[in-house]
Amino acid sequence: MNDKYMDTTDYVFKGPTIKDGALIGCNATILPALTIGIDSVIGAGAVVTKVVPDRQIWVGNPAKYLKDVPKERWLENRIKT
Ligand SMILES: CC(C)(COP(=O)(O)OP(=O)(O)OC[C@H]1O[C@@H](n2cnc3c(N)ncnc32)[C@H](O)[C@@H]1OP(=O)(O)O)[C@@H](O)C(=O)NCCC(=O)NCCS
């Protein structure tokens, strides 16, 4: 989503920033200009209204911190060489 106030002409549209390794569940909504941190996980159906730091799992509406992402689920550990 990129238009926070909808139907306004003076708002500078800005979409979310999804950092490397972040995973977004089904039907999650991320409000404009927010960042989802490295390797973070957004649960299905979440409504993200705040910046999500690196390597955290957030769920719910409004989305809240659930727990840290286990090290074995970090991108560097998911890539098979
Ligand atoms: C966020 C997620 C990764 C957490 O998985 P998990 O670590 O195994 O978490 P658990 O199932 O143990 O749940 C832990 C708690 O969070 C809650 N929870 C889990 N996912 C939730 C969600 N999406 N929204 C709200 N609450 C959620 C559980 O109800 C549980 O609450 P409780 O402690 O009060 O009982 C997973 O539930 C999820 O939403 N995955 C996305 C799946 C998806 O969209 N797949 C398709 C896209 S490719």
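Among contacts in the protein between residues at least 6 apart in sequence, what percentage join residues at least 24 apart? The share is 13%, two residues being counted as in contact if their C-beta atoms, placed from the backbone, lie within 7 Å. The structure is a predicted model, in which local features need pLDDT of at least 70 and side-chain atom pairs count only at pLDDT 80 or more, whereas totals for chains, interfaces and linings use all residues. Residues are numbered from 1 along each chain as its sequence is written.

The secondary structure comprises one helix and eight strands, arranged along the sequence in the pattern β-β-β-β-β-β-β-β-α; helices (H or I, at least four residues) and strands (E, at least two) are DSSP runs, numbered from the N terminus. The C-alpha atoms fill a box of roughly 45 × 25 × 20 Å, taken along the principal axes. Of the 81 residues, 21% are buried, where a buried residue has 20 or more other C-beta atoms within 10 Å of its own, an exposed one 12 or fewer, and a partly exposed one a count in between, with C-beta atoms placed from the backbone.

Four strands form an open sheet of mixed pairing in the order 2-5-7-8, and two strands are taken to pair if DSSP finds at least two bridges between them. Strand 2 (23-24) and strand 8 stand at the edges with a single partner strand each, so one side of each is left without a neighbour in the sheet. Strand 5 and strand 7 run parallel and are joined by two bridges, with Val-41 standing opposite Ile-57 in strand 7. Strand 7 (residues 56-59) pairs in the antiparallel sense with strand 8 (residues 64-68) over four bridges; in strand 8, Lys-67 is the bridge partner of Ile-57 and Tyr-65 that of Trp-58. These two strands, 7 and 8, form a hairpin with four residues between them, and Gly-60 in the turn has a positive phi of about 95 degrees.

The largest nonpolar core, a set of buried Ala, Val, Leu, Ile, Met, Phe, Trp, Tyr and Cys residues joined through C-beta atoms within 7 Å, has 13 residues, and those with the most contacts inside it are Ile-42, Ala-46, Val-48 and Trp-58. Strand 5 (41-42) and strand 7 each supply at least two residues of this core. Leaving aside neighbours within four places in sequence, Ala-46 is in contact with Gly-25, Ala-28, Trp-58, Val-59, Gly-60, Asn-61 and Ala-63.

The residues around the ligand, each with its C-beta atom, placed from the backbone, within 6 Å of the molecule, include Gly-25, Cys-26, Val-41, Ile-57, Gly-60 and Leu-66.

Lys-71 is found in the loop between strand 8 and helix 1 (75-78), and this residue is exposed, with 10 other C-beta atoms within 10 Å. The C-alpha atoms of Lys-71 and Asp-10, which are 61 residues apart along the chain, are separated by 43 Å.
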